[in-house]
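The report below takes up helix packing, sheet architecture, overall dimensions and the contact between the chains, in that order.

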Amino acid sequence: MSVGSNTIGRGLELSRPPRWLLGWWGVGRLVAIGTALALRPTAWTLDRWDGRWYRMIARGGYLLVPGRQSDPAFFPLYPVLLRALHAAGVGWGIAGPLLSNVALLLGLGLFYALTREIFSESLARRSTIYLAIFPLSYVFSMTYPESVVLVLLAAAPLAAMRRHWWLAACCAGAAALARPEGLFVALPLAGIAWTQRPSLSPARRGAALAAILAPVGALASYSLYLDRVLHDPLAWSQAERAWGRRFRIAGAYRAFAHLPVALGHTPWLVRDVVFFFLYLALLYAAWRLGTPLVWLGAAAAIVVVPIFTGAFDSIARFGLLAPPLFWGLAALTRDRRTDRIVRAASLVLLVAGTASLPYVFP
Amino acid sequence: MDVRRALLSVIVGLAGAAAVTASGWALQAGALPPPTPAARVAAVASAWLHEYRFVVDVFHYDNRRTKGACLRGWFGRVEGRKTRGSLLSIDSGPVLRISGPRRLSLVGGRGNGILPVGLAAAAGCSRELAPVIATAAQSGSLRASRGYAANQPAIALKVSRGNERRLTLYVSPRSYRPLVAIVAIGEHEATARLYLTRVKPHVLSRFRLLRLVEPRPRR
């Protein structure tokens, strides 16, 4: 093991994942990958939709084509990792699903450790299982960055809670380089820094400040890079517009007002609308559980901010990166019967969700 | 003393955030390839075609020269619903509505047999040219070379779509504005000199397109 990975291991005090965690990771992946392979016996199902764009960036870098959907809308960390994996000899079609599935195991381990530190072992266990088999968790097996972001979003606050602020800064920065949701990890980090404030030395406080600012710094690095290669620091925002995503104050009103028309065009959108309201209910459950407000704020931002682009598209997927939603779900299933019902329903919906992949993007 | 400690924290914090920015930039610059010059040129050429919805064409086919014009937009259909597409008018020939690949309908004039309409649409309409060039730029299936077109030095962007279809788009070396498109489908080849122009009523009228784009009076 290298010096770098030793340092990270010490920072997060990672132990071997418990057997039950390995088991549920295996069950979730077996269901998702098995269904995908049943649809078509190749990596096609797991490597499509946005996966094509990530692969395109990994192979040829960024290119902005004004007025047309183009790749600067996709953040760079995942393509960098795909490229590294390809350089190690893994084929392009397999690199994405392989990276995502392996990262998910690490992400679940970190999520479990984080939840155990904030709540109890039993709640940590239940919420980790729900995350592993959540109906939308087939995304964690696709050429999508969600698994990698889950690792970083769980690692950053965990490192911060254990006072490894520089490691937290690296993870928070990397999270923002992988998905825009990474920006919101600054909120829990700020909360943790505030609680540790009296006992931190000035240098450690500086490191904590660096961790809070790291996501913004990482986003700035992406803009600087785009300015260098495409001569447009806001190319990612311009590319988003070609997908019909544009932040406006009236966007939330527009999302609701245009919903009937949008549902007429794309009936699949009902999935995202249902999950949007489910997520709001789970946020309420997380609040009742006693989840710190900074965490609730970050999760609310992940779920609510996207509708300010005027659409509900993909909100179901975005929610995968909001830990409080799974804490809220686990808070509702304290008795065994409810727990079993949620697990069984999740697995059935996971099959249905994966089977929908040839028809609709996640 | 407290101020100095706070200042130290802020300096360390800002330096740390700057280090994250610098290392993030270095990671991207080191790991991701920059776009190829051909892809850049094609992206700008595609943007020109995207920006101009009206093209006046001079077609060359089978040693014959004929003028035409192509307008991109939303046009009325027989049932009254509007649909996105192009209107292609060939001088003293047909006026066609193109609403998708292989979806051509005659809306005026008559076929004169001088120029195959599929070739004319592929070479002379911005709505047909832009996605071909953009897709080729994004997928890297594009070659650029020096050339000469429209009586000036030009950059030739060559795109092959299977064995049967080939497109060569000549663009200005300074602005990357499209100048000439050569489309070959099988053994047939047509050349279009492209004049990207703003939509003007007298030009539309000259090409029999004005009545097709004017809103019909409400009854």
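In this predicted model, Leu21(A), Trp24(A), Trp25(A), Val27(A) and Gly28(A) of helix 2 of chain A meet Thr128(A), Ile129(A), Ala132(A) and Ile133(A) of helix 6 of chain A. By residue class, this contact of helix 2 with helix 6 of chain A divides into seven nonpolar and two polar residues, with no charged ones. The two elements, helix 2 (residues 19-39) and helix 6 (residues 121-133) of chain A, have axes 8 Å apart and pack at an angle of about 20°. Because angles under 35 degrees count as roughly parallel, helix 2 and helix 6 of chain A are roughly parallel to each other. The crossing in which helix 2 of chain A passes helix 6 of chain A is right-handed.

Chain A as a whole has 18 helices and zero strands. Its radius of gyration, 20 Å, is close to the 21 Å that the globule rule gives for 362 residues, so chain A is as compact as a globular protein of that length. Chain B, by contrast in its make-up, has six helices and 10 strands, and its radius of gyration is 24 Å, where a compact globule of 219 residues would have a value near 17 Å. The extents of the two C-alpha traces along their principal axes are set out here.

| Chain | Approximate extent along the principal axes |
|---|---|
| Chain A | 55 × 55 × 45 Å |
| Chain B | 90 × 50 × 30 Å |

The strands of chain B form an open sheet of 10 strands in the order 5-4-3-2-1-10-9-8-7-6, with antiparallel pairing. Strand 5 (104-108) and strand 6 (143-149) of chain B stand at the edges, and since each has a single partner strand, one side of each is left without a neighbour in the sheet. On average, and with direction ignored, neighbouring strands of this sheet are turned by 30° against each other. Helix 2 of chain B packs on the sheet, where it touches strand 6, strand 7, strand 8, strand 9 (178-185) and strand 10 (188-197) of chain B, and its direction makes about 95° with that of strand 7 of chain B.

Strand 7 can be followed on both of its sides. Towards the edge, strand 6 and strand 7 of chain B pair in the antiparallel sense over seven bridges, and Ala144(B) stands opposite Leu157(B) of strand 7. The hairpin of strand 6 and strand 7 of chain B has two residues between the strands, and Ala150(B) takes a positive phi near 50° in it. Seven bridges also join strand 7 (residues 152-161) of chain B to strand 8 (residues 165-171) of chain B, and these strands run antiparallel. Within strand 8 of chain B, Tyr170(B) is the bridge partner of Ala156(B), while Leu167(B) is that of Val159(B).

Which elements of chain B give two or more residues to the side that touches chain A? The contact takes 31 residues from chain B and 37 residues from chain A, and the contributing elements of chain B are helix 1 (2-31), helix 2 (37-51) and helix 4 (126-139). Helix 1 of chain B supplies the largest share of that side, 18 residues. By class, the residues of the side of chain B that touches chain A divide into 20 nonpolar, 10 polar and one charged.

Note on methods
Residues are numbered from 1 along each chain as its sequence is written. Chains are lettered from A and ligands numbered from 1 in the order in which they are written. This is a predicted model: local features need pLDDT of at least 70, side-chain atom pairs count only at pLDDT 80 or more; totals for chains, interfaces and linings use all residues. Two residues are in contact if their C-beta atoms, placed from the backbone, lie within 7 Å. Helices (H or I, at least four residues) and strands (E, at least two) are DSSP runs, numbered from the N terminus. Ala, Val, Leu, Ile, Met, Phe, Trp, Tyr, Cys and Pro count as nonpolar, Asp, Glu, Lys and Arg as charged, and the others, Gly among them, as polar. Two strands pair if DSSP finds at least two bridges between them. Axes are lines fitted to C-alpha atoms, for helices over the stretch in contact, and angles run from 0 to 180 degrees between N-to-C directions. Angles under 35 degrees count as roughly parallel, over 145 as roughly antiparallel, 65 to 115 as roughly perpendicular and the rest as oblique. A crossing is left-handed if the near helix is turned anticlockwise from the far one by less than a right angle, and right-handed if clockwise. The radius of gyration is taken over C-alpha atoms; the globule rule is 2.2 Å times the number of residues to the power 0.38.
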